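Me: I'm new to this structure and would love a close look at one part of it. Could you start with a pair of charged residues and then lead me on to the other contacts that join separate parts of the chain?

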Amino acid sequence: MTETARRYMGNSVPRKEDPALLTGHSNFTDDIRLPGMLHMALLRSPYAHARVTSIDASAAREQPGVVAVFTDEDLASDLDGSALEAEAAPGYAVDVDDSPGEETEATPTGTEEAPPRSFTGWPVTEDIKIPDHWPLARGEVNFAGEPVAVVVATDRYRAQDALEFIEVEYEPMGVVTDVEEALEEGSPLVHEKFGTNECYTWVLGTGDIDDAFSRADVVVSGRYLQQRLIPSPIETRAVVVQPEPVDSFTVYTSTQVPHFVKDILCVMCGVPETKLRVVAPDVGGGFGSKLNVYSEEVLALVLARKLGVPIKWVEDRSEHHLATTHGRGQVQRIELAATNEGEILGMRVRLLADMGAYLQLLTPGIAIFGSFTYPGLYTFGAYSFECTGVFTNLTPTDAYRGAGRSEAAYAHERIMDDLARELGMDPAELRLKNLIPPFDEPTTTPAGVMYDSGDYETCMRKALDLADYEGVRAEQRRRREAGDKRQIGVGIGNFTESGGLSPSKVAAGVRLQSGGWEAASVRMLASGKVEVVTGTSPHGQGHVTSWSQIVADSLGVDVDDVEVHHGDTAIAPYGRDTYGSRSLAVGGVAVSLACEKVVEKAKKIAAHMLEAAEGDIEFEGGRFSVAGSPDQNVTIQDVAAAAYMAYNIPEGMEPVLSADHVFDPPNFTWPFGTHVCVVEVDTETGMVTIPKYVAVDDCGPVVNPAIVDGQLHGGIAQGIAQALYEEAVHDDEGNLITGTLVDYLVPGAPEIPNMTLDRTETPSPTNPMGVKGIGESGAIAAQPAVINAVIDALSHEGVTHIDMPASPFNVWQALQEARGQSAGTRDADLSGRPPLSGRPDAEV
């Protein structure tokens with residue numbers, strides 16, 4: 001595509017999605033109302049680990065509006081794919097004895113050995129331990145919030161009210177919530193049948209790591225914590241299942257992955273693929289938490305099949321905190337070997353990754369996904385990585401924005417600052433000394449993978465200049481000399497990430513049970529309008545707009561003449577959905593390549609219409625012309641009409657103008673960047689504010705700058721949130737203390753600083769568009785930049801370490817410990833989170 005043909009790409013075309021969202025014409029799952037629809041509510045365990053000895057639901061069944069109550073025993077046959085029916089209430093078929101006073105013994109159904117029933121799609125090692133994970137607890141609960149019974153009623157509130165009338169007897173068992181304690185001798189076992197809390201151990205290594213460390217003048221080590229996070233999209237999870245004729249079902253669900261949901265529900269519920277349609281309506285954010293298939297989706301489908309009516313469930317916010325996957329949850333140990341001059345020789349990484357009680361879709365693989373990016377932007381000769389997955393009696397973990405790569409960037413940028421302090425070097429100087437030199441063809445990294453392209457020094461120096469790095473250092477010296485109670489610090493977050501998830505052969509190599517391709521269809525209608533079907537499934541990323549821009553420029557049509565369809569497996573039967581910074585670099589490229597096929601076919605028809613040789617036909621701006629005779633031309637709309645009418649097309653050519661393309665990338669893409677954060681720390685209170693934040697990112701060529709900036713704004717906000725505010729806190733019994741948004745602090749606009757954003761552009765050779773992805777970059781770079789800045793502000797006082805979140809208490813405590821004073825305990829504030837506070841008016 002020539003630059004003159006690029007009318008839309010590279011420009012901030014207003015988002016086509018926004019009018020419906022802003023005027024209340026969008027359609028979220030909770031907006032769906034169907035005739036005869038019933039609502040379900042779940043009784044969840046108050047214990048983190050206990051045997052379920054009995055469940056008495058008789059009183060609940062007598063409550064107004066209640067249609068039925070089910071336990072695992074009632075649904076066991078349905079979950080094996082068979083549907084046994086018995087009369088329960090007029091018009092509804094259930095397999096349960098509704099007589100009052102009867103008690104259901106909570107004993108497992110069957111004792112025969114069988115493959116584990118699990119939601120996971122990433123068994124990272126051959127000997128991984130995969131526990132059975134049933135939609136309703138089967139004899140034992142393993143985290144607080146695990147469902148034990150489900151009520152179906154005529155409305156949501158009657159269903160919820162009836163939960164109080166279900167009597168469950170529990171026999172509490174030992175609880176373990178800490179990954180290090182979970183591996184100790186004698187620790188309570190989450191799943192006794194395994195005899196250990198170790199889920200797996202996965203290793204990677206390149207070079208001679210022992211030699212690198214033996215040659216080192218300096219070795220620094222760090223132990224960093226990645227606290228658990230609660231994803232908190234603005235829309236919680238929700239599902240509606242509608243029975244259709246001939247044993248078919250339509251599932252409406254708030255998900256990032258409708259195709260994955262279809263695949264797994266078919267297996268879990270015994271529904272043929274041809275009988276299941278999954279629709280992701282408008283989805284109000286996901287951040288990885290909706291990159292999953294959950295018990296509630298299985299139950300809704302099973303109950304809709306059992307009762308023969310639509311079933312609806314909408315998660316409330318407290319349920320979201322308990323039952324939706326958490327993010328992060330790691331203990332990181334990292335070592336660097338270096339010379340006195342600051343040349344890095346080798347890196348060792350040892351992780352303990354908190355699986356929680358069960359393995360959700362990608363739980364085991366999240367930590368090892370980061371293994372390829374712990375070396376960051378730096379070059380050295382030897383690398384060793386080991387990750388151990390550990391079961392705990394907590395909510396399962398899984399993907400959260402930047403999954404695996406965010407944790408990696410935090411560790412490698414923290415240890416770079418630790419090395420700089422040990423050597424007495426400026427952190428920026430140390431980084432510049434060790435950057436991989438510029439390259440525009442795939443280059444092998446210390447982790448053994450191939451980065452696609454990069455010019456890291458140009459990007460980093462641009463960020464330092466925009467932040468006025470030297471000026472900040474001068475102001476820092478002035479304040480230190482003056483003994484100012486408000487000290488400033490500057491932190492750097494260099495990063496790269498593996499975007500464009502993922503080449504199918506690479507996915508198979510790490511035992512991920514999914515291809516990484518993406519599908520697209522482009523159809524020009526008789527009117528000249530264009531329909532696009534994409535296998536990606538946006539939930540705020542602006543695919544409708546961006547894909548319209550790609551198509552409009554590729555075909556030379558108006559951007560408003562393009563309609564994009566997505567998120568419906570009946571319309572888009574092939575797709576791998578949206579996550580892992582993959583949508584543009586895989587799905588958008590598939591759209592572009594489908595457009596190329598449309599143009600190639602159209603060129604043949606145009607040559608026929610113009611009575612010219614195909615080789616003489618030129619295409620520019622939506623018009624086909626004969627080379628040297630520009631007045632001899634037809635528009636692509638003329639060609640589309642001719643293809644539709646079919647009487648004036650080449651002999652033997654199929655009618656209509658359409659094309660499909662499935663793109664399987666040959667490599668990941670590797671977006672990168674440098675973020676620089678300046679903080680001000682009140683040394684009397686520990687309060688941290690951010691007067692300046694600079695981000696320079698490289699995501700290759702940009703389709704829509706406004707969308708890129710928006711993705712960065714949101715990602716940086718989430719990175720700042722982890723660094724300063726958010727933490728899922730549990731007590732020793734596994735109870736979630738931060739169970740509401742009153743306790744779990746999500747920062748608002750007053751806590752998020754103004755940001756200076758800029759870009760460099762290094763096209764990727766991985767795909768013909770050269771694009772790399774941007775969706776997770778901000779969340780990856782922000783945490784280390786912020787925490788490094790906080791530590792830097794207090795380093796002259798002897799502070800060298802602060803764990804996230806850097807709340808006022810945690811910062812004040814670190815400062816007091818560095819000064820040799822007692823800092824008290826966190827008993828008065830278990831969360832250690834700061835109150836909301838505004839940004840300072842003054843800029844540094």
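Reply: Happy to! Let's begin with Glu315 and Arg237, which are both buried. Keep in mind that you are looking at a predicted model. These two residues form a salt bridge, and their closest N and O atoms are 3.1 Å apart. Glu315 sits in the loop between β15 (311-314) and α9 (317-323), while Arg237 belongs to the loop between β11 (218-229) and β12 (238-244), so the salt bridge ties together parts that are 78 residues apart in sequence.

The structure has 45 salt bridges by the rule used here, so let's visit a few others. Lys772 and Asp452 bring their side chains together in a salt bridge of 3.5 Å, N to O. This one links distant parts of the chain: Lys772 is in the loop between β31 (756-759) and α20, Asp452 is in the loop between β20 and α13, and 320 residues separate them. Both partners, Lys772 and Asp452, are buried. There is also a network in which salt bridges with shared partners join Glu475, Arg478, Arg479, Arg486, Glu680 and Asp682.

Arg348 and Asp210 offer another salt bridge, with 3.4 Å between the closest N and O atoms. Arg348 comes from strand β17 and Asp210 from helix α6 (residues 209-214), so this pair ties together parts that are 138 residues apart in sequence. Which of the two is buried, and which is exposed? Arg348 has a relative accessible area of 18%, and because buried means under 20%, Arg348 counts as buried. Asp210 has 53% relative accessibility and counts as exposed.

Strand β17 also leads us to helix α12, since the buried residues of α12 pack against β17 (344-356), as well as α11 (405-423), α13 (456-466), α14 (469-482), β21 (486-496) and α20 (777-794). Helix α12 covers residues 427-434 and is mostly covered, with 6 of its 8 residues buried. Those buried residues are Pro427, Ala428, Leu430, Arg431, Leu432 and Asn434. Look at the start of α12, too: there a side-chain oxygen of Asp426 comes to within 2.8 Å of the backbone nitrogen of Ala428.

Now for the aromatic rings. The whole structure contains 16 aromatic pairs. One of them joins Phe369 and Phe668 in a tilted arrangement, 6.3 Å centre to centre with 50° between the planes. Phe369 lies in helix α10 (residues 365-369) and Phe668 in the loop between β28 and β29 (672-682), so the pair ties together parts that are 299 residues apart in sequence. Phe369 is buried, with a relative accessible area of 6%, and Phe668 is buried at 6% relative accessibility.

Tyr451 and Trp670 make a tilted aromatic pair as well, at 4.6 Å centre to centre and 40° between the planes. Tyr451 is in strand β20 (residues 450-451), Trp670 is in the loop between β28 and β29, and the two are 219 residues apart. The relative accessible area is 0% for Tyr451, which is buried, and 1% for Trp670, which is buried too. These two pairs come together in one aromatic cluster made of Trp122, Phe369, Tyr451, Phe668 and Trp670.

Finally, let's go to the surface. Tyr644, Met645, Tyr647 and Val656 form a nonpolar patch there, with about 500 Å² of accessible area together. Val656 is placed in the loop between α18 (636-645) and β28 (657-663), and is partly exposed, with a relative accessible area of 37%.

Conventions: Residues numbered from 1 in each chain as written. Predicted model: local features only at pLDDT ≥ 70, side-chain atom pairs only at ≥ 80, totals over all residues. Heavy atoms only, no water. Buried < 20%, exposed > 50% of the residue type's maximum accessible area, 1.4 Å probe, protein only. Helix = DSSP H or I, 4+ residues; strand = E, 2+ residues; numbered from the N terminus. Contact = heavy atoms within 4.5 Å. Polar contact = N/O pair within 3.5 Å; in protein donor to acceptor, adjacent residues only side chain to side chain. Patch = residues over 30% accessible without salt bridge, like charges linked within 9 Å, V, L, I, M, F, W, Y side chains within 5 Å. Areas by Shrake-Rupley, 256 points an atom, 1.4 Å probe, with all protein chains shown as cover. Salt bridge = Lys/Arg side-chain N within 4 Å of Asp/Glu carboxyl O. Phe/Tyr/Trp six-rings, centres within 6.5 Å; stacked < 30°, edge-to-face > 60°.
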